[in-house]
Amino acid sequence: MIRNVAILIANDLAIAFKNKTLYLVLFIPLFVFVVLQLVDGNRANAQKIKIGLIEHARYTPALLQNLRSAERVFTISWFTDQADAQRWLKEKNGDGVLIPSAGQADSSTLIVLAKASFQTLAIVEGVSELQRVLEGKSKSWISEIRSLQEDGIQQKMLPTWILMLVLLVGFIVMPAQVAEEKEKQLLLGLLQTPISEVEWLLAKVALGMILIAVAALLLQLMAGVDFNLVSGWSYFAFLMIGGFCFSAFGILVGFLCQTQASARTLGVLFYLPHLLPSALSDFSQELTKVAPLIPSYPFYEPVKSILLEGAGLFEFPVQWLTLFGIGVFTLFLSHRLMKKRWLM
């Protein structure tokens, strides 16, 4: 009995290795470890904190003096008015803006993109440490923290859930479906009919976009999220271009595999690196450098800005072109593999 069980275990391990399922056991812990190392912001070589100040505003003299003296920690940028400073902050050129608090002497209000972010924590800790060294225990220089983004947890989490849905359809659902049609030789049968490779690819991309749109709409209805006309159309347009990009990408992943099991495994290997760095980029300066190199970031950042800050569609032309270019390129590669009957 023990011998038979051992033989079956060895057989299952061999199948897992052949289907690449075993790779997940090694890949997921390693990938999560690397991401957690990047998320850790307690580094000696952390970047300088970029603070925006308003010209001709009356700040606490001690605050100004210490911010200027702490040049190894803070970089100061001056602006003519608060609107320019907030525009600079929305473009993610800085970490926060300090303005004098109305009706409170010797204190300032900190304006940030999001309260629950690495940048906000770094600013508050940095200013508090300067004040502690200079004055010891006294009234805080920062009396209030304002956020340019929505503070509701449901609203703030919505971009991350949307990203998860898009990547789930793109890297889990689509590759498995393509691999299934190849494995059961349904695709070869279809290609013997008047249906062309281009028509099949367009149908698959349209399916992915429809699935993404339905899933996102259902999520928003249950979450009770309201949009105005401008942000609603901008969001839907980015949802569609993102659906096109990652559906095309998922089709290519499916063509790289011969079986459904291997397609699911390879899909997860693409899914996690596209999800975690973008979703966690607000909590680490290191991930802020890495995330823009990943195709999911040109989708996640505009969607987050549209949903949380009311940004418009035409503020992100580079992201549009990037997503469209990736989609067209991956469709071209899939078409070439279909012509060669790759793994069919």
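Start by selecting Cys257: with a relative accessibility of 4%, this residue counts as buried. Keep in mind as you click around that this is a predicted model. Now add Cys245, which is buried too, at 0% relative accessibility. If you're hunting for disulfides, the count here is zero.

**The sheet**

Next, switch to a cartoon view and find the open sheet. Its five strands come in the order β2-β1-β3-β4-β5, and the pairing is mixed. Colour the two edge strands, β2 (74-79) and β5 (142-147), each of which has a pairing partner on one side only. Turn the sheet to look along it: going from one strand to the next, the twist averages 30°.

Zoom in on strand β1, residues 49-54. This strand runs parallel to β2, and six bridges join the two. For a landmark in that pairing, select Lys50 and look across to β2, where Thr75 stands opposite.

Now bring in the helices on the sheet. Select residues 61-69 for helix α3, which packs on the sheet and touches β1, β2, β3 (96-100) and β4 (108-112). The direction of α3 makes about 125° with that of β2. Then select residues 82-90 for helix α4, another one that packs on the sheet, with β1, β2, β3 and β4 as the strands it touches. Here the angle to look for is the one between α4 and β3, about 160°.

**Two loop residues with positive phi**

Stay around β1 for a moment and pick His56, in the loop between β1 and α3. His56 isn't a glycine, yet its phi is positive, at about 65°. Is His56 buried or exposed? Show the surface and you'll find it exposed, with a relative accessible area of 81%.

Jump along the chain to Gln185, which sits in the loop between α6 and α7 (186-191). Gln185 also isn't a glycine, and its phi is positive, near 60°. Its relative accessibility is 52%, so Gln185 counts as exposed, the cut-off being over 50%.

**The aromatic rings**

Time to show the aromatic side chains. The model has 11 aromatic pairs. One to pull up is Phe171 with Phe270: the ring centres are 5.8 Å apart and the planes meet at 15°, so this pair is stacked. Why does the pair tie together parts that are 99 residues apart in sequence? Because Phe171 belongs to helix α6 (residues 153-183), while Phe270 belongs to helix α10 (residues 260-279).

Check the surface around each ring. Phe171 is buried, at 0% relative accessible area, whereas Phe270 is partly exposed at 23%. Then widen the selection to Phe246, Phe249 and Phe299, which form one aromatic cluster with Phe171 and Phe270.

**Last stop: Ser296**

Finish at Ser296, in the loop between α11 (285-290) and α12 (297-309). Ser296 is buried, with a relative accessible area of 0%. What does its side chain reach? Draw a distance to the backbone oxygen of His274 and you should get 2.5 Å.

To see the surroundings, display the residues in contact with Ser296, leaving aside neighbours within four places in sequence: Leu163, Leu167, Phe246, His274 and Ser278. You've already met Phe246 as a member of the aromatic cluster.

Technical notes:
Residues are numbered from 1 along each chain as its sequence is written. This is a predicted model: local features need pLDDT of at least 70, side-chain atom pairs count only at pLDDT 80 or more; totals for chains, interfaces and linings use all residues. Side-chain values use heavy atoms; hydrogens and water are left out. Two strands pair if DSSP finds at least two bridges between them. Helices (H or I, at least four residues) and strands (E, at least two) are DSSP runs, numbered from the N terminus. Axes are lines fitted to C-alpha atoms, for helices over the stretch in contact, and angles run from 0 to 180 degrees between N-to-C directions. Contact means heavy atoms within 4.5 Å. Rings of Phe, Tyr and Trp (its six-membered ring) pair if their centres lie within 6.5 Å; planes under 30 degrees apart count as stacked, over 60 as edge-to-face and the rest as tilted. Buried means under 20% relative accessible area, exposed over 50%, partly exposed in between (1.4 Å probe, protein chains only). A polar contact is a pair of N or O atoms within 3.5 Å; within protein, one must be able to donate a hydrogen and the other to accept it, and residues adjacent in sequence count only if both atoms are side-chain atoms. A disulfide is a pair of cysteine sulfur atoms within 2.5 Å.
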